[in-house]
Amino acid sequence: AQERLALAEEDLKLDHASAEAIEQRVRYGEASPLEEARISVEVATAKTAVGMAAGSLKEARHALASTWGGTSADFQRAEGDYLDPPSLAEKEKLPQELKVNPSYRAREKECDIAGNNYELARAEAVPDVEVGGGIQQFGETDDHAFFLEVSIPLPIFDRNRGSIAEAQETLEKMRKEKEAALLELQADLVTSVSRFESIEESYLSLRDTILPVSERVYESIQKGYQEGEQDYLELVDAQRSLLEARKERLDLVAELWELRFEVDLLTGKFSRRD
């Protein structure tokens, strides 16, 4: 929002510069007063855009302050290198990092619990073995004997089969849901990385080629207009092309940061304490 306001102010500045150039040409009879009227409309429109951008910045500042519980935005600027586009380092390692995603970790814990419940159900199906023993005396012969008793219940009736089947079904369901969650994360990651690479390519082309050329063309036409070699429409067109290139650059940078945040969320970077 800060940069959008700065861009709107730059737009207004350019309009003022064009207005001064047109006013000078009109004064010397080299341009029609109609051109001066047209640029006055451009200046008024640019002023309105500045006011709207300032309002958006005010809202953004208050929204930012609310994230730490602030009720007012008592800071002047948000500092940072946000105009420098982010990068995706070590992209080949990103798929492995999906397993620390909080939603996937939750699925893993659900599988662990289901596995424990399944093992418990199986254990409860095993009959308990009772062992006993002692000494027995025979009165007629006054003999003694040691004896050992082992008791094993016969599995005549269903021993927890229903609970075992239910626990096994739940375990299989949890495993499938875990696999599906990982596949969904992988698909989201591929989409975000692919989109990031595409936007990054557009940004580099704009920054290294389109924007520098637009700046040189505008400066050249502005100088030519002041010298009477270019007409008003050419000046306005060059100015608009330059501003659109700057706005597009800002939009692309913002989208790159949003995509970077999406990747960080998918790979669990915002959930770990480094």
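These legends go with several close-up views of a predicted model.

**View 1. The whole chain, before zooming in.**
Start by getting your bearings: the protein has six helices and two strands. Reading from the N terminus, the elements come in the order α-α-α-α-β-β-α-α. There are 274 residues in the protein, and 28% of them count as buried. What share of the contacts between residues at least 6 apart in sequence join residues at least 24 apart? That share is 73%. As for the outside, the protein exposes about 18400 Å², with carbon and sulfur atoms supplying 51% of it.

**View 2. Two aspartates in helix α1.**
D15 sits in helix α1, which covers residues 2-27, and D11 has its place in helix α1 too. Are they buried or exposed? D15 has a relative accessibility of 1%, under the 20% cut-off, so it counts as buried. D11 comes out at 10%, which is also under 20%, so D11 counts as buried as well. Now look at what surrounds them, leaving aside neighbours within four places in sequence. D15 is in contact with I39, E42, V43, A46, Q239 and R240. D11 touches A46, Q239, R240 and L243. For a sense of distance, D15 and A44 are 29 residues apart in sequence, while their C-alpha atoms are 9.3 Å apart in space.

**View 3. Helix α2 and what it packs against.**
Helix α2 runs over residues 33-66. With its 34 residues, α2 reaches 50 Å from its first C-alpha to its last, close to the 50 Å expected at 1.5 Å a residue. Which residues of α2 are buried? They are E35, I39, V43, A46, V50, A53, L57, R61 and A65. The buried residues of α2 pack against α1, α5 and α6. Some of these names may ring a bell: I39, V43 and A46 are among the contacts of D15 in the previous view.

**View 4. E59, on the outside of α2.**
E59 is also part of helix α2. Its relative accessible area is 61%, and because that is over 50%, E59 counts as exposed. Try finding A1 from here: E59 and A1 are 58 residues apart along the chain, and their C-alpha atoms are separated by 9.1 Å.

**View 5. The largest nonpolar core.**
In soluble globular proteins, nonpolar side chains tend to be buried together. Here, the largest nonpolar core holds 44 residues, and L189 and Y225 touch the most other members. Which elements give two or more residues to this core? They are α1, α2, α5 (161-226) and α6 (232-266). The largest share, 13 residues, comes from α6. Apart from this core lies another one, of nine residues, among them A114, I164, L171 and M174. Back at L189, its contacts are L94, P95, L98, V263 and L266, with neighbours within four places in sequence left aside.

**View 6. Helix α4 alongside α5.**
Helix α4 takes in residues 102-125. At 1.5 Å a residue, its 24 residues should span 34 Å, and the end C-alpha atoms are 35 Å apart, so the two values agree. Its buried residues are Y104, C111, A114, G115, Y118, A121 and A125. What do they pack against? The buried residues of α4 pack against α5. One of them, A114, is also a member of the nine-residue core from the previous view.

**View 7. An aromatic pair in α6.**
A pair of aromatic rings is described by the distance of the centres and the angle of the planes. The count for this protein is two aromatic pairs. The rings of W257 and F261 have centres 5.9 Å apart and planes at 35°, so this pair is tilted. W257 and F261 are four residues apart in helix α6, which means they are separated by about one helical turn. How covered are they? W257 is partly exposed, with a relative accessible area of 24%, and F261 is partly exposed at 40%.

**View 8. T267, just past the helix.**
T267 lies in the segment after α6. Its relative accessible area is 0%, so T267 is buried. The side chain of T267 makes a polar contact with the side chain of K269, at 3.3 Å.

How values were computed
Residues are numbered from 1 along each chain as its sequence is written. This is a predicted model: local features need pLDDT of at least 70, side-chain atom pairs count only at pLDDT 80 or more; totals for chains, interfaces and linings use all residues. Side-chain values use heavy atoms; hydrogens and water are left out. Buried means under 20% relative accessible area, exposed over 50%, partly exposed in between (1.4 Å probe, protein chains only). Contact means heavy atoms within 4.5 Å. A nonpolar core is a set of buried Ala, Val, Leu, Ile, Met, Phe, Trp, Tyr and Cys residues joined through side-chain atoms within 4.5 Å. Accessible areas come from the Shrake-Rupley method with a 1.4 Å probe; for residues, only the protein chains shown count as cover. The expected span of a helix is 1.5 Å times one less than its number of residues. A polar contact is a pair of N or O atoms within 3.5 Å; within protein, one must be able to donate a hydrogen and the other to accept it, and residues adjacent in sequence count only if both atoms are side-chain atoms. Rings of Phe, Tyr and Trp (its six-membered ring) pair if their centres lie within 6.5 Å; planes under 30 degrees apart count as stacked, over 60 as edge-to-face and the rest as tilted.
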